[in-house]
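Q: Please take a close look at the salt bridges of this structure. Which residues pair, how well are they covered, and what is the setting in which they lie?

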Amino acid sequence: MSEAPASQTALVSFRIEADPPARLDKALSRDVPEAATLSRTRLARLIADGAVRIDGTPETNPKARVAEGALIEITLEQAVESHIGPEDIPLDIVYEDDDLIVVNKPAGMVVHPAPGTPSGTLVNALLHHCGDSLSGVGGVARPGIVHRIDKETSGLLVVAKSDKAHQGLAAQFEKHTVERHYRALVNGVPDAADPRLRGLRGVAFEAGNILKITTQLARHKHDRQKQAVLFEGGRHAVTRARIVESFGTPPVLALMDCWLETGRTHQIRVHMAYAGHGLIGDPTYGGKRKLSEKALSPAALAGVQAFDRQALHAATLGFVHPVNGEEMRFEAPLPQDMDDLLCVLRG
């Protein structure tokens with residue numbers, strides 16, 4: 001008989017947001033931090049097992065009511081995944097101290113191991129670089145990981161090296177006080193004068209032609225790899241975006257500065273696609289669109305058609321240092337593939 005894997009506990013804590021659903025299990029499903037990756041089924045089991053506390057009191061009834069602002073604490077038993085080990089993978093380190101490290105992740109790198117990607121991840125590289133100095137809050141599979149960006153998205157990530165830093169950073173992400181700006185190349189040029197956008201539910205424009213998209217997001221009913229826009233259920237999501245530069249005569253593409261009020265899976269990608277301005281190269285949300293041969297040069301058309309990932313880069317990351325209280329802000333230049341494409345578009 002093989003020996004059962006060792007286990008350890010991790011604590012997930014958060015507060016219930018405004019207008020909670022009537023049932024505890026539904027409220028937890030809506031508000032649990034995304035980084036915890038807890039399905040509604042697993043949450044139901046955790047409630048039944050007495051692993052959920054509301055304001056310090058265990059609750060085992062999934063139909064119990066929960067109030068806005070209630071402190072939820074979930075104790076997780078996690079198996080130690082000993083196969084995850086250090087790998088000598090180069091890291092683009094933007095900043096590092098005893099409590100945290102900021103890295104510029106390349107497109108194509110997965111953040112943490114998963115069944116389909118057991119190695120070659122950012123976590124493997126961090127284990128080699130940091131040794132035992134990563135926060136254990138995320139468990140063995142995700143040491144130090146506070147937030148994620150998609151595999152084919154490049155850009156900035158902050159990783160916790162101490163548990164105190166992990167808890168402090170997680171609280172900032174939960175409160176939506178972390179500054180996160182992305183550069184995205186999209187189809188079309190969002191315009192406040194566009195009657196189609198003006199009539200689209202959840203879409204508004206703020207002063208300065210800033211596009212604001214407010215919806216709920218949840219897993220797609222028929223494709224579990226995708227997110228879908230909803231207006232009931234799901235998780236609250238707000239994206240803002242403004243035009244940095246447009247391309248074509250007439251303009252048919254735009255470089256956007258997108259920033260997050262919330263941080264949900266695929267949020268920018270699904271929100272921009274919902275608004276009719278999907279990202280160039282996005283295979284999941286329809287980034288392939290026929291472009292006018294009159295609007296762009298043959299070289300520009302070829303460059304757009306050959307771009308084989310979502311054109312999205314996490315360019316700016318700002319937060320308060322969770323240990324010393326210092327205001328921190330980092331910027332990462334566009335990766336070579338996006339920069340090359342923009343050069344071609346500029347002619």
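A: **Salt bridges and their setting**

Asp 194 and Arg 196 form a salt bridge in which the closest N and O atoms are 3.8 Å apart. The model is a predicted one. Asp 194 has a relative accessibility of 22% and therefore counts as partly exposed, since buried would require a value under 20%. Arg 196, at 40% relative accessibility, is likewise classed as partly exposed.

A further pair is made by Arg 242 and Asp 257, whose side chains meet in a salt bridge with an N to O distance of 3.4 Å. This pair links distant parts of the chain: Arg 242 belongs to strand β12 (residues 235-247) and Asp 257 to strand β13 (residues 253-260), 15 residues apart. The two partners fall into separate accessibility classes. Arg 242 is partly exposed, its relative accessibility being 33%, whereas Asp 257 is buried at 5%.

The loop between β12 and β13 contains Pro 250. The peptide bond that leads from Thr 249 into Pro 250 is cis, with omega near 0°. Beyond strand β13, the loop that runs from β13 to α6 (267-274) holds His 266. Phi of His 266 is near 60°, a positive value in a residue other than glycine. With a relative accessible area of 15%, His 266 is buried.

Salt bridges also join into a network, whose members are Glu 206, Lys 212, Arg 240 and Glu 261. Which two side chains meet with an N to O distance of 2.8 Å? They are those of Arg 23 and Asp 25, which form a salt bridge. Asp 25 is buried, because its relative accessibility is 6%, a value under the 20% limit. Arg 23 is partly exposed, with a relative accessible area of 26%.

Asp 25 also figures among the buried residues of helix α1, together with Leu 24, Ala 27, Leu 28, Arg 30 and Asp 31. That helix spans residues 24-31 and is mostly covered, 6 of its 8 residues being buried. In an α-helix, with its 3.6 residues a turn, residues three or four places apart point the same way. The buried set of α1 includes Leu 24, Ala 27 and Leu 28, and it also includes the charged side chains of Asp 25, Arg 30 and Asp 31.

These pairs are part of a wider set, as the structure holds 17 salt bridges. How far apart are the mean positions of the positive and negative charges of the chain? The distance is 8 Å, for 39 positive and 43 negative charges.

Two further places give local detail outside the salt bridges. Asp 55 lies in the loop between β2 (52-54) and β3 (57-58). Its phi is near 50°, which is a positive value in a residue other than glycine. Asp 55 is exposed, with a relative accessible area of 51%, whereas the other residue described here with positive phi, His 266, is buried.

The second place is Val 320, in strand β14 (residues 312-320). Val 320 is partly exposed at 30% relative accessibility. Leaving aside residues up to four places away in sequence, Val 320 touches Gln 172, Gly 325, Glu 326 and Glu 327. Val 320 and Gln 172 are 148 residues apart along the chain, yet their C-alpha atoms are separated by 8.1 Å.

The contact between Val 320 and Gln 172 leads to the fold as a whole. Among contacts between residues at least 6 apart in sequence, 65% join residues at least 24 apart. The chain comprises 8 helices and 15 strands. With 347 residues, a compact globule would have a radius of gyration near 20 Å, and the 21 Å of this chain agrees with that expectation. Along the principal axes, the C-alpha atoms fill a box of roughly 65 × 50 × 45 Å.

As for cover, buried residues make up 46% of the 347 residues. The exposed area of the chain is about 16,600 Å², of which carbon and sulfur atoms supply 50%. Against this background, the pairs described above include buried acidic partners, namely Asp 25 at 6% and Asp 257 at 5%. Their basic partners, Arg 23 and Arg 242, are partly exposed. In the pair of Asp 194 and Arg 196, the acidic residue is partly exposed, as is the basic one.

Terms used. Residues numbered from 1 in each chain as written. Predicted model: local features only at pLDDT ≥ 70, side-chain atom pairs only at ≥ 80, totals over all residues. Heavy atoms only, no water. Helix = DSSP H or I, 4+ residues; strand = E, 2+ residues; numbered from the N terminus. Rg over C-alpha atoms; globule rule 2.2 N^0.38 Å. Buried < 20%, exposed > 50% of the residue type's maximum accessible area, 1.4 Å probe, protein only. Contact = heavy atoms within 4.5 Å. Areas by Shrake-Rupley, 256 points an atom, 1.4 Å probe, with all protein chains shown as cover. Lys, Arg positive; Asp, Glu negative; His and termini not counted. Charge placed at Lys NZ, Arg CZ, Asp CG, Glu CD. Salt bridge = Lys/Arg side-chain N within 4 Å of Asp/Glu carboxyl O.
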